Amino acid sequence: MILHRLSVKAWRNILEEVSVGTFSEGINVLHAPNGTGKSTLFEALRRGIFDGHNVSGRAVESIKPWGRDLAPGVTIEFSSGGATYRLEKRFLSRPEARLYRKEGSDFRP
């Protein structure tokens with residue numbers, strides 16, 4: 001799997017959508033001051049890949065922005081087996097997961 005792009009919205013301290021990438025196929029470095037959301041991005045990547053969208057419990061409740069009733073979401077664009085995909089997940093409120101494959105210049109379900 002080759003990661004191309006990561007977008008996160010309403011996740012802990014990130015309220016508005018934040019995107020990082022396009023990543024190269026080699027080593028990529030994410031550099032920013034403490035407290036700017038680097039660990040939050042990595043947590044969103046991990047949960048986006050490994051957790052089901054309808055996961056529940058205290059651990060997943062902790063990703064919701066404090067004092068806000070927002071549904072945390074992550075979008076991951078990656079390549080695997082010669083195809084490019086976009087995975088979109090929303091957690092907690094109206095949980096949902098969608099996987100798209102790139103066909104030409106568009107992503108299709």
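## Exercises on a predicted model

Phe91 is buried, with a relative accessible area of 0%; here buried means under 20% relative accessible area, exposed over 50% and partly exposed in between, with a 1.4 Å probe and protein chains only. The structure is a predicted model, in which local features need pLDDT of at least 70 and side-chain atom pairs count only at pLDDT 80 or more, whereas totals for chains, interfaces and linings use all residues. Residues are numbered from 1 along each chain as its sequence is written, and side-chain values use heavy atoms, with hydrogens and water left out.

### Exercise 1. An aromatic pair

Determine which residue forms an aromatic pair with Phe91, and classify the geometry.

**Solution.**

Step 1. Apply the criterion: rings of Phe, Tyr and Trp (its six-membered ring) pair if their centres lie within 6.5 Å; planes under 30 degrees apart count as stacked, over 60 as edge-to-face and the rest as tilted. A search of the whole structure finds 2 aromatic pairs.

Step 2. One of these joins Phe91 to Trp11, with 5.6 Å from centre to centre and 90 degrees between the planes, and is edge-to-face.

Step 3. Locate the partners, given that helices (H or I, at least four residues) and strands (E, at least two) are DSSP runs numbered from the N terminus. Trp11 lies in the loop between strand S1 (2-9) and strand S2 (18-21), and Phe91 in the loop between strand S4 (83-90) and strand S5 (96-103), so the pair ties together parts that are 80 residues apart in sequence.

Step 4. Check the environment of the partner: Trp11 has 0% relative accessibility and therefore counts as buried.

### Exercise 2. The sheet and its hairpins

State the order of the strands in the open sheet, and explain why one side of S2 and of S6 is left without a neighbour.

**Solution.**

Step 1. Two strands pair if DSSP finds at least two bridges between them. The open sheet has 6 strands in the order S2-S1-S3-S4-S5-S6, with antiparallel pairing.

Step 2. S2 and S6 stand at the edges and have a single partner strand each, so one side of each lacks a neighbour in the sheet.

Step 3. Direction ignored, neighbouring strands of this sheet are turned by 20 degrees against each other on average; axes are lines fitted to C-alpha atoms, for helices over the stretch in contact, and angles run from 0 to 180 degrees between N-to-C directions.

Step 4. Follow the pairings from S3 to S6:

- Strand S3 (residues 73-80) and S4 are antiparallel over 8 bridges, and Glu77 stands opposite Arg86 in S4.
- S4 and S5 are antiparallel over 6 bridges, and Tyr85 stands opposite Arg101 in S5. These strands form a hairpin with 5 residues between them, where Leu92 in the turn has a positive phi of about 75 degrees.
- S5 and S6 are antiparallel over 3 bridges, with Asp106 in S6 as the bridge partner of Glu103. Their hairpin has 2 residues between the strands, and Gly104 takes a positive phi near 70 degrees.

### Exercise 3. Helix H1

Which residues of H1 are buried, and what covers them?

**Solution.**

Step 1. Check the span, for which the expected value is 1.5 Å times one less than the number of residues. The 13 residues of helix H1 (residues 38-50) should span 18 Å, and the end C-alpha atoms are 19 Å apart, which agrees.

Step 2. Thr40, Leu41, Glu43, Ala44, Leu45, Arg47 and Gly48 are buried in H1. Their cover includes S1, S2, helix H2 (58-61), S3 and S4.

Step 3. Take Thr40, which is buried at a relative accessible area of 9%. Leaving aside its neighbours within four places in sequence, Thr40 is in contact (heavy atoms within 4.5 Å) with Trp11, Arg12, Asn13 and Ile14.

### Exercise 4. Salt bridges

Identify the salt-bridge partner of Glu43 and the network in which Glu43 takes part.

**Solution.**

Step 1. A salt bridge is a side-chain nitrogen of Lys or Arg within 4 Å of a carboxyl oxygen of Asp or Glu. The structure holds 10 of them.

Step 2. Glu43 meets Arg12 at 2.8 Å, N to O. This pair links distant parts of the chain, with Glu43 in helix H1 and Arg12 in the loop between S1 and S2, 31 residues apart.

Step 3. Compare exposure: Glu43 is buried at 13% relative accessibility, whereas Arg12 is partly exposed at 32%.

Step 4. Salt bridges link Arg12, Glu43, Arg47 and Asp51 in a network.
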